[in-house]
Amino acid sequence: MSDSIQMRVTRYTPGQDTEPTVAEYGVPLRRDWSILDGLNFVKDHVDSSLSYRWSCRMGICGSCGMNVEGEPKLTCATFLSDYAPGPVRVEPLTNFPIVRDLVVDIEDFMEKLPRVKPWIIRDDEKSVIDGEYIQTPEELEEYKQFSNCINCMLCYAACPIYGIDETFIGPAAIALAERYDLDSRDRGQRERLDVLIEREGVWGCTFVGECTRVCPKHVDPAGAIQRYKLKAAKENVMAFLLPRGA
Amino acid sequence: MAWRWPIEQVPFTGILITEATRAEGGWLLNKDGYRYLQDYDLGKPEPTPVLRSMELGPRDRLSQAFVHEVEKGRTIESPYGPIVHLDLRHLGAELIDTKLPMVRELCMAYERIDPVKELIPVRPVVHYMMGGVHTDINGATPIDGLFAAGETACVTINGANRLGSNSLPECLVFGARAGKAAAEYAASAKPPPSVVIRQADDEAQRLDRMLSADRGTEQIADIREEMQSTMEDSAGIFRSGDSLTKGIDLLAELQQRLGRVQLSDQTRVFNTELVAALELANMLDVAECTLHSALQREESRGAHQRTDFPTRDDARFLNHALTYRDSDGSTRIERSPVTITRWPPGERVYGR
């Protein structure tokens with residue numbers, strides 16, 4: 001194994017560049033160095049103006065998502081040595097506008113996420129004195145997988161539908177709706193279905209499955225979307241047979 | 001201010017391997033494969049975990065034992081400094097996968113180590129600061145309109161050594177209280193007086209100067225790395241009057257050099273270099289507070305262990321240290337009382 005690898009990194013400064021360019025940096029190639037470690041090396045020792053998001057370095061914060069060799073990845077969990085001898089291409093996540101270098105504009109996702117009301121909705125709130133909402137391990141198991149979403153948006157970068165139709169609410173938002181629907185403490189299924197039954201809700205998805213393939217936390221958004229389609233279809237049939245209010 | 005040092009962190013990335021690994025029966029081994037904790041008054045090695053004994057001793061005592069192993073030359077050299085090994089292999093794949101799934105996932109995904117078959121290299125890493133911005137139980141600081149909660153605050157619930165898992169409840173409880181108090185303050189506050197507005201203008205001008213001026217040739221990463229090694233050498237797991245005094249002098253030099261940092265990024269869009277420069281300035285201030293208060297605290301308590309004052313001294317130091325910067329730039333420490341409610345400080349005994 002050579003002791004260094006070339007990284008080809010997207011650079012773009014609005015107001016200064018008309019379009020993104022590619023800069024090439026040589027970084028040490030070590031067995032335990034991730035793509036993010038390579039970028040941090042560049043920022044600390046080669047070019048301190050390189051801009052990218054990162055925080056926890058352990059796959060929990062979800063902020064270091066980028067396209068590595070064309071594939072959406074958490075750069076903290078993607079190793080340089082898997083791309084040896086290189087070069088390795090690092091670009092901002094696809095399907096999002098670029099703010100600067102490897103930083104993308106996540107405003108659209110931030111606006112969509114609260115639409116599915118990803119929090120516990122109750123008909124009646126217990127007071128603190130009445131104690132906790134008890135849940136069994138089996139009830140936890142029901143939604144646990146979907147609760148692993150870290151909002152890293154790799155699924156949006158991988159989704160060909162979102163790439164064409166930006167009104168599509170997208171994989172992570174639907175997976176999170178399912179996470180709360182499946183929670184035994186929640187009573188908000190009706191409110192979420194009202195949002196997801198619309199055209200830009202679950203029906204946008206043509207089941208490509210890329211979201212599940214790239215998910216670093218094995219959330220399976222594609223599975224959530226299929227389950228939701230079934231709920232929405234049932235609802236449509238019911239609405240036809242028994243119009244609400246009838 | 002005292003900093004918390006858990007032992008089970010992997011070097012370089014500093015990922016924390018949960019203390020639950022020790023609770024489930026993980027062993028800490030030195031370079032000879034020896035469970036070295038038995039040499040530090042932490043009990044006898046048994047095949048299965050024993051409460052308050054050996055690997056189930058408290059994190060500060062385990063970190064201190066690590067330092068002694070380094071001094072004896074019984075640790076393992078790595079590219080990131082001395083390490084010991086956390087051994088989970090005898091627990092078997094089934095227990096690790098059911099009780100410690102995150103540990104195996106983290107080791108595999110971020111370190112390329114399979115704890116079922118391999119030893120995990122670990123060393124103590126600073127993980128949490130017990131001190132912080134002085135607040136009341138509603139997150140209010142002595143400065144009107146400034147609220148703080150979580151690790152950045154010091155609401156004094158943690159004492160000199162935070163217990164495991166208490167940082168999340170701290171955020172939830174005091175974050176909610178501070179949020180409510182801040183909202184109430186904002187709803188009723190009068191417009192800021194002109195002196196505050198002038199201060200804000202000065203601050204904006206300072207940021208402008210950082211972005212444009214030709215200040216020198218210092219690099220942020222160099223100063224940050226030197227600050228880290230200064231703090232580890234002078235106020236690490238063990239401190240002394242000598243190490244702290246030396247550290248204070250080195251930090252003063254770094255403060256000087258900070259004024260000569262040149263930003264190569266002078267844009268105003270997502271300028272992470274500017275953020276890094278501002279963070280570095282804040283970290284240097286916190287580092288200075290830590291060293292000055294540690295120097296004046298001539299005793300050992302919790303995560304603050306002085307080799308020259310190895311015992312606790314409640315008569316002089318059962319109190320909080322408040323750090324002030326005077327107008328001439330010097331640091332002044334004042335003390336405020338500790339209110340003991342249910343649990344007075346006692347002797348900590350393990351393995352016996």
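Two residues are in contact here if their C-beta atoms, placed from the backbone, lie within 7 Å. The model is predicted.

**Helix packing in chain A**

Two packed helices are described by the angle between their axes and the distance between the axes. Helix 6 of chain A spans residues 171-181, and helix 9 of chain A spans residues 221-241. Their axes come within 8 Å and cross at roughly 65 degrees. The crossing of helix 6 and helix 9 of chain A is left-handed. Helix 6 of chain A brings Pro171(A), Ala172(A), Ile174(A), Ala175(A), Ala177(A) and Glu178(A) to the contact. Helix 9 of chain A meets them with Pro221(A), Ala224(A), Ile225(A), Arg227(A) and Tyr228(A).

**Between the chains**

Chain A puts 17 residues in contact with 18 residues of chain B. On the chain A side, helix 1 (35-45) and strand 6 (98-100) each supply at least two residues.

**Domains of chain B**

The domain assignment divides chain B into domain 1 (3-122), domain 2 (135-189) and domain 3 (193-352). The centres of domain 2 and domain 3 of chain B, taken over C-alpha atoms, are 20 Å apart. Their contact takes 4 residues from domain 2 of chain B and 5 residues from domain 3 of chain B.

**Residue classes at the contacts**

| Contact residues | Nonpolar | Polar | Charged |
|---|---|---|---|
| Helix 6 with helix 9, chain A | 9 residues | no residues | 2 residues |
| Side of chain A touching chain B | 6 residues | 6 residues | 5 residues |
| Side of domain 2 touching domain 3, chain B | 1 residue | 3 residues | no residues |

How values were computed
Residues numbered from 1 in each chain as written. Chains lettered and ligands numbered in written order. Predicted model: local features only at pLDDT ≥ 70, side-chain atom pairs only at ≥ 80, totals over all residues. Domains from an automatic or database assignment. Nonpolar A, V, L, I, M, F, W, Y, C, P; charged D, E, K, R; others polar. Axes fitted to C-alpha atoms, helices over the stretch in contact; angles between N-to-C directions. Helix = DSSP H or I, 4+ residues; strand = E, 2+ residues; numbered from the N terminus. Left-handed = near helix turned anticlockwise from the far one by under 90°.
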